[in-house]
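This report walks through one structure, from the scale of whole chains down to single residues. Please keep the sequence and the 3D view at hand while reading.

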Amino acid sequence: MLEVKKLAKRYGQLTAVDGISFNAGRGQTIGLLGPNGAGKTTTVSIVAGLLQPDSGEVLIDGAKVTSDTDPVKLKIGLVPQDMALYEELSARDNLTFFAALYSLAGAKARSAIDEALKLVGLLDRASYKVSTFSGGMKRRLNLAGALLHDPEILLLDEPTVGVDPQSRNAIFDNLETLKKRGKTLIYTTHYMEEAERLCDRIVIIDHGKIVANDTLQGLHKLLPISNVLAVELDQPDRLKTQQIMELPHVETAELKQGVLRVGVHNLSGDAPGLLRWLSDNGHTYHHVSSEQPDLETVFLTLTGRSLRDSS
Amino acid sequence: MIQFLALVRRDLLIFFGNRKAVMVSIVVPIVLASFFGYLFGGRRGEAATSKVSLLAIDQDGSDISRGLIAQLATESTLSIKPESLETARELVRKGKATAALVIPKDFGRDAGQALFGSSAKPEIEVLYDPSHNVEVSMVKGLLSGAVMQTVSKEMFSGPAGREMVNDSIARLIDDSQMPAEDRRALRNLLGGVRDWNERLQSPQNGASQQRLSGGLRMPYSTREEAITSGRNIEYNGYAHSFAGMGVQFILFMGLDVGIALLTLRQTGLWQRLRAAPLSRTMLLGSRTLSAALIAGLILFVLFAFARLVFGVHVRGSLPGLIGVCAAFSLMTAAFGLMIAALGETVDTTRGYSIMATLFMVMLGGAWVPTFVFPAWLQKAAMFVPTRWAIEGMDGMTWRGLGLSSALAPIGVLMLFTLLFGIIAVLRFRWHVD
């Protein structure tokens with residue numbers, strides 16, 4: 001369905017995208033995960049035809065987009081990161097305009113608009129001006145605007161930025177529905193939970209390069225650890241993570257917001273020794289739990305940096 | 001076609017959905033054009049011009065000085081009142097009066113003697129507000145006429161004048177520096193004046209008294225005729241002010257179109273538009289058409305208002321006026337696109353474009369007619385599109401010119417449209433930042 005081959009894009013001295021390649025089959029959801037500035041939006045912009053790459057190519061069903069009016073563009077729907085709506089127009093007027101951009105008019109357009117509004121749960125607010133909508137409603141309408149011409153590939157550039165958890169869940173539900181309908185979704189995010197929930201494959205990007213491209217399970221296999229021990233310390237300021245890293249069997253150590261997270265291979269074998277070392281060295285704690293490593297840990301392992309710190 | 005119409009419709013919906021924008025684009029120019037039209041004469045005789053406020057300090061107190069003040073008081077353009085020197089200075093300094101005339105002691109006597117060159121000329125001091133240079137020139141002109149009339153009246157028909165003539169003749173006899181021939185000729189002339197004066201004093205000569213009671217007068221009068229679109233069709237100042245203000249506000253609307261496009265490029269909407277299968281011609285062309293339609297509509301409303309309320313008629317060619325308005329509307333739209341193409345950031349572009357727009361408006365003659373410009377600036381204005389727009393509109397309205405006179409403005413405006421359009425297409429950054 002979608003083939004991205006060795007894309008590169010430079011702005012002066014800055015290499016925004018450096019040899020990015022991935023494929024997406026029909027009905028697949030590919031997550032592009034990385035911190036802000038990693039090159040996700042540039043990649044999506046090239047795929048959507050908004051930017052010309054310096055090298056590499058994008059094929060949609062084997063065809064390249066050759067001009068502004070190329071019919072291949074009809075197979076793509078773009079949900080930009082910035083809200084792409086006219087605040088002064090009603091939701092229906094916005095969608096009528098977006099439908100017309102794809103030559104949809106009359107009954108066909110009305111039907112597509114109603115269906116899109118129904119999917120995102122805004123049918124009853126169709127005649128309201130967008131300026132009266134909440135942030136979450138605008139995000140859902142932003143998504144609806146890309147669905148009218150029934151594209152096969154949806155490019156979603158951080159579609160949940162700045163929305164409340166309820167709206168985020170609503171958007172996830174919409175995307176899952178679209179996935180069931182066989183749409184190919186390319187989803188950029190720097191939220192690991194979103195990538196974990198939605199994506200069949202995850203492409204981790206950092207500094208314009210792909211550092212991993214696999215399924216969630218496959219990415220976990222890349223980790224040198226299988227478990228994380230989380231210890232909530234009474235006086236976290238007294239502890240240096242370097243001290244923990246020097247202990248035997250410790251693979252990773254991170255101290256954030258009073259919680260020490262230590263990656264180990266064998267939780268039952270390694271945890272008692274670690275907790276004993278903390279007690280012996282005067283580091284008291286009030287809560288201990290174990291966690292499965294997540295994409296944050298994967299990113300940390302692969303890049304040496306925290307995903308959220310980077311963003 | 002669906003796409004093109006949708007793009008145009010969207011622009012119109014957004015413009016007319018924004019009441020503030022409509023207000024600024026239509027109501028404000030109407031108000032300003034009405035105001036300026038009224039100030040600059042409006043319909044003939046509609047605006048009563050305010051009188052020049054003049055103060056008179058009479059240090060002479062003679063018949064001549066009193067007569068001079070009375071003569072100036074008869075001028076319809078002056079409002080004159082007596083005042084002391086100190087108060088007059090203070091009032092002029094504060095801008096409460098335009099000028100003050102200080103008539104010195106013995107002015108009447110000295111002026112009478114100076115009339116025939118036998119004495120030094122007395123000096124009337126004019127204290128004036130430097131911000132009213134034009135009015136002061138007018139006051140000096142009126143003063144010259146009034147002095148001539150008042151002094152000559154006294155010399156030819158007043159008792160003081162008779163004494164002065166006698167005195168002049170006596171001094172002439174003692175003047176050894178004047179050649180004898182000249183002295184004799186002047187004595188004869190003054191003797192004639194004295195005889196005339198005495199004759200007028202006689203009660204039997206009422207008719208002559210009447211005839212010369214006003215003194216010497218200008219030996220000519222003028223008759224003015226404003227050359228407009230036809231005989232007996234009076235000039236309507238609102239025609240020019242509505243053209244000027246219309247041009248100004250439409251240019252600002254064009255500037256807004258450019259800034260809006262520049263802003264749009266930084267939003268998700270631009271990405272959505274570029275992701276759709278739309279050609280660049282369609283994207284820029286639709287915006288040109290919508291901006292031109294809005295501009296044309298604004299001009300139509302302005303001229304319709306001027307016609308209904310102020311009686312501004314299209315005395316020349318209506319197709320010519322429509323052509324000039326259409327060409328100017330297209331030029332404005334292309335100007336907006338050029339701004340969007342050349343602009344970097346919104347803020348800096350706004351600053352530069354406002355400056356450029358104000359220059360175009362000013363040099364185009366929207367504020368003041370171009371004939372008040374110095375010659376070199378009038379030549380420079382030939383390269384300013386607004387000058388052609390205003391000239392074309394004036395020509396088709398109050399000047400009453402035919403369609404052929406609209407062709408040059410239309411042609412020049414279309415050339416500017418082409419130039420701005422080419423720059424816009426060549427320099428427009430199509431890809432997202």
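## Terms and basis

A residue is called buried when its relative accessible area is under 20%, exposed when that area is over 50%, and partly exposed in between, as found with a 1.4 Å probe on protein chains only. By that rule, 46% of the 433 residues of chain B count as buried.

This is a predicted model, in which local features need pLDDT of at least 70 and side-chain atom pairs count only at pLDDT 80 or more, whereas totals for chains, interfaces and linings use all residues. Residues are numbered from 1 along each chain as its sequence is written, chains are lettered from A and ligands numbered from 1 in the order in which they are written, and side-chain values use heavy atoms, with hydrogens and water left out.

## Chain B and its meeting with chain A

Helices (H or I, at least four residues) and strands (E, at least two) are DSSP runs numbered from the N terminus, and in these terms chain B has 17 helices and four strands. Taking contact to mean heavy atoms within 4.5 Å, 80% of the contacts in chain B between residues at least 6 apart in sequence join residues at least 24 apart.

The two chains meet through 23 residues of chain B, which are in contact with 31 residues of chain A. The size of an interface is often given as the accessible area lost when the parts come together; here buried area is that loss, found with a 1.4 Å probe and summed over both parts. Between chain B and chain A it is about 2600 Å², with carbon and sulfur atoms giving 63% of it. Of the area that chain B buries against chain A, B:Leu269, B:Arg272 and B:Pro277 supply 28%, more than any other three residues.

## Helix α4 of chain A

Which parts of the structure cover the buried residues of α4(A)? The cover includes β5 (76-79), α2 (91-101), α3 (106-119), β6 (153-157) and α5 (165-180) of chain A, together with α11 (268-275) of chain B. Nine of the ten residues of α4 (residues 135-144) are buried, so this helix is largely enclosed by the rest of the structure. Among the buried residues of α4(A) are the charged-name positions A:Lys138, A:Arg139 and A:Arg140, as well as A:Met137 and A:Leu141.

## Helix α9 of chain A and the loop after it

Helix α9 of chain A (residues 267-280) has 14 residues and reaches 20 Å from its first C-alpha to its last, close to the 20 Å expected, where the expected span is 1.5 Å times one less than the number of residues. Its buried residues are A:Asp270, A:Ala271, A:Leu274, A:Leu275, A:Trp277 and A:Leu278. Seen down the axis of α9(A), these fall within an arc of 155°, so they line one face of the helix; the arc is that of the directions from the helix axis to the C-beta atoms. An α-helix has 3.6 residues a turn, so residues three or four places apart point the same way. The face turned away from the buried side carries the exposed residues A:Ser268, A:Arg276 and A:Asp280, while the cover over the buried residues includes β10 (227-233), α8 (241-245), β12 (259-264) and β13 (285-291) of chain A.

α9(A) is followed by A:Gly282, whose phi is positive, near 80°. This glycine has its place in the loop between α9 and β13 of chain A and is partly exposed, with a relative accessible area of 33%. The C-alpha atoms of A:Gly282 and A:Leu239 are separated by 9.7 Å, although the two residues are 43 apart along the chain.

## Positive phi outside glycine

Most residues other than glycine have a negative phi, and most peptide bonds are trans. A:Lys6, in strand β1 (residues 2-11) of chain A, nevertheless has a positive phi of about 45°, and at 61% relative accessibility A:Lys6 counts as exposed. A:His249, in the loop between α8 and β11 (250-256) of chain A, has a positive phi near 70° and is likewise exposed, with a relative accessible area of 54%.

## Selected residues of chain B, and the cysteines

B:Asp63 is found in helix α3 (residues 63-73) of chain B and is partly exposed, with a relative accessible area of 43%. Its side chain makes a polar contact with the side chain of B:Arg66 at 2.8 Å; such a contact is a pair of N or O atoms within 3.5 Å, of which, within protein, one must be able to donate a hydrogen and the other to accept it, and residues adjacent in sequence count only if both atoms are side-chain atoms. In helix α12 (residues 280-310) of chain B, B:Thr288 counts as buried at 18% relative accessibility and touches B:Leu330, B:Ala333 and B:Leu337, not counting residues up to four places away in sequence.

The structure holds zero disulfides over all chains, a disulfide being a pair of cysteine sulfur atoms within 2.5 Å. A:Cys199 counts as buried at 9% relative accessibility, and B:Cys325 counts as buried at 10%.

Conventions:
Buried area = accessible area lost by both parts, 1.4 Å probe.
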